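Biologist: I'm new to this one, so could you take me through a close look at a single part and then show me how other pieces are held together? Keep it casual, please.

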Amino acid sequence: MSAWLPTSPCTPETCAGHEGRTASVPRAVLRLTAAVALVLLGILGAPPVRLLPAGPRHAVVRAWSSALVRAFGLRITVHGHPGPDGGRLVVANHISWLDIPLVAAVLPCRMLAKSDIRDWPGLGRLAARSGTLFIERDRIRALPGTVEAVTRALLAGDRVTVYPEGSTWCGRARGTFRRAAFQSALDARVPVQPVRLSYLGCDGQTAGAPAFVGDDPLTASLWRIARARGVRAEVRLLPRIPPGRYADRRGLAAAAQQAVAAAGPGPRTLPGIPAQPSPPSATDKDSAKRPSASVHQ
């Protein structure tokens with residue numbers, strides 16, 4: 001592994017345990033069966049859905065993504081409002097493979113994902129068919145081409161989601177936002193939308209089950225999430241950073257990281273409660289993975 005790649009100290013043994021209630025084995029199997037059925041439906045439906053106009057396409061993506069997250073027994077709470085359409089760089093902290101459908105359930109967009117995901121059974125094919133942009137993390141020479149591809153997508157009016165920590169963290173600890181992707185927002189002169197993702201247990205504390213960290217196999221992660229009960233996924237859409245506010249990607253990345261870090265989990269909400277009102281956005285106002293021996297010390 002290249003020395004320049006982002007790494008996380010989080011490991012499955014120390015970070016991904018579930019201390020709350022667990023679902024029965026039959027229920028967990030039913031959840032996985034429903035999730036597999038949704039993935040297969042997504043693979044078959046992705047090509048025609050991409051031909052739809054933006055409004056109907058986004059509605060279908062939101063419905064499918066929400067159904068996939070809920071198939072695993074997670075409730076979704078949203079704070080904030082997606083705001084207007086148009087090119088936008090969406091940046092979020094990275095905890096799990098669940099982050100991808102979770103963001104899409106609220107803010108449909110193209111994703112920037114590591115190239116390894118192409119080889120994932122089912123999910124890789126779905127990602128490719130849904131317009132995902134791939135980055136080869138172990139080839140630094142490929143990075144300028146990736147930045148150019150993201151810039152082109154933004155200029156075309158697409159929303160693109162990136163996880164600038166470059167690796168998954170468990171949610172209790174977090175990584176530094178890498179700056180490269182922010183150059184795309186500067187070049188395309190589009191807003192940056194910071195998003196804070198959290199997975200919470202019944203006690204309102206960070207839930208470990210969704211964390212996909214270290215050398216955790218995907219199959220183990222799927223089963224752990226399917227067995228967990230009482231987990232809530234929280235999405236906080238934070239005020240957008242308008243184009244031109246920061247002259248370089250260093251300042252832009254630092255501002256986005258600070259916004260995400262400051263937006264910790266909020267008060268608990270019950271299922272069925274609508275999204276909480278968001279503060280005025282900046283735009284409106286201004287016209288994976290590598291294990292380590294220890295963690296969180």
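Modeller: Happy to. Let's begin on the surface, where Val25, Val29 and Trp223 make a nonpolar patch of about 240 Å². Keep in mind that this is a predicted model. Take valine 25 from that patch: you'll find it in helix α2, which covers residues 25-50. Is valine 25 buried, exposed or something in between? Its relative accessible area is 43%, so valine 25 counts as partly exposed, because that label covers values between the 20% limit for buried and the 50% limit for exposed.

While we're on α2, have a look at what it packs against. Two packed helices are described by the angle between their axes and the distance between the axes. For α2 and helix α3 (residues 54-71), the angle is about 165° and the axes are 9 Å apart. That makes α2 roughly antiparallel to α3, since angles over 145 degrees fall in that class. The way α2 passes α3 is a left-handed crossing.

Now for the charged side chains. How many salt bridges does the structure hold? There are 5 salt bridges. One of them brings together the side chains of arginine 159 and aspartate 85, at 3.5 Å from N to O. Arginine 159 sits in strand β5 (residues 159-162), while aspartate 85 is in the loop between β1 (75-79) and β2 (88-92), so this pair ties together parts that are 74 residues apart in sequence. The two partners have quite separate surroundings: arginine 159 is buried, with 7% relative accessible area, whereas aspartate 85 is exposed at 58%.

Next, try aspartate 216 and arginine 224. They form a salt bridge too, and their closest N and O atoms are 2.6 Å apart. Here aspartate 216 and arginine 224 are both buried.

Then there's arginine 236, whose side chain meets that of glutamate 234 in a salt bridge of 3.1 Å, N to O. Arginine 236 has 17% relative accessibility, so it counts as buried, because the limit for that label is under 20%. Glutamate 234 is buried as well, with a relative accessible area of 0%. This pair also belongs to a wider set: salt bridges that share partners join Arg232, Glu234 and Arg236 into one network.

If you want a route for your own viewing, start at the patch of Val25, Val29 and Trp223, follow α2 to where it packs with α3, and finish at the network of Arg232, Glu234 and Arg236.

Conventions
Residues numbered from 1 in each chain as written. Predicted model: local features only at pLDDT ≥ 70, side-chain atom pairs only at ≥ 80, totals over all residues. Heavy atoms only, no water. Patch = residues over 30% accessible without salt bridge, like charges linked within 9 Å, V, L, I, M, F, W, Y side chains within 5 Å. Areas by Shrake-Rupley, 256 points an atom, 1.4 Å probe, with all protein chains shown as cover. Salt bridge = Lys/Arg side-chain N within 4 Å of Asp/Glu carboxyl O. Helix = DSSP H or I, 4+ residues; strand = E, 2+ residues; numbered from the N terminus. Buried < 20%, exposed > 50% of the residue type's maximum accessible area, 1.4 Å probe, protein only. Axes fitted to C-alpha atoms, helices over the stretch in contact; angles between N-to-C directions. Parallel < 35°, antiparallel > 145°, perpendicular 65-115°, else oblique. Left-handed = near helix turned anticlockwise from the far one by under 90°.
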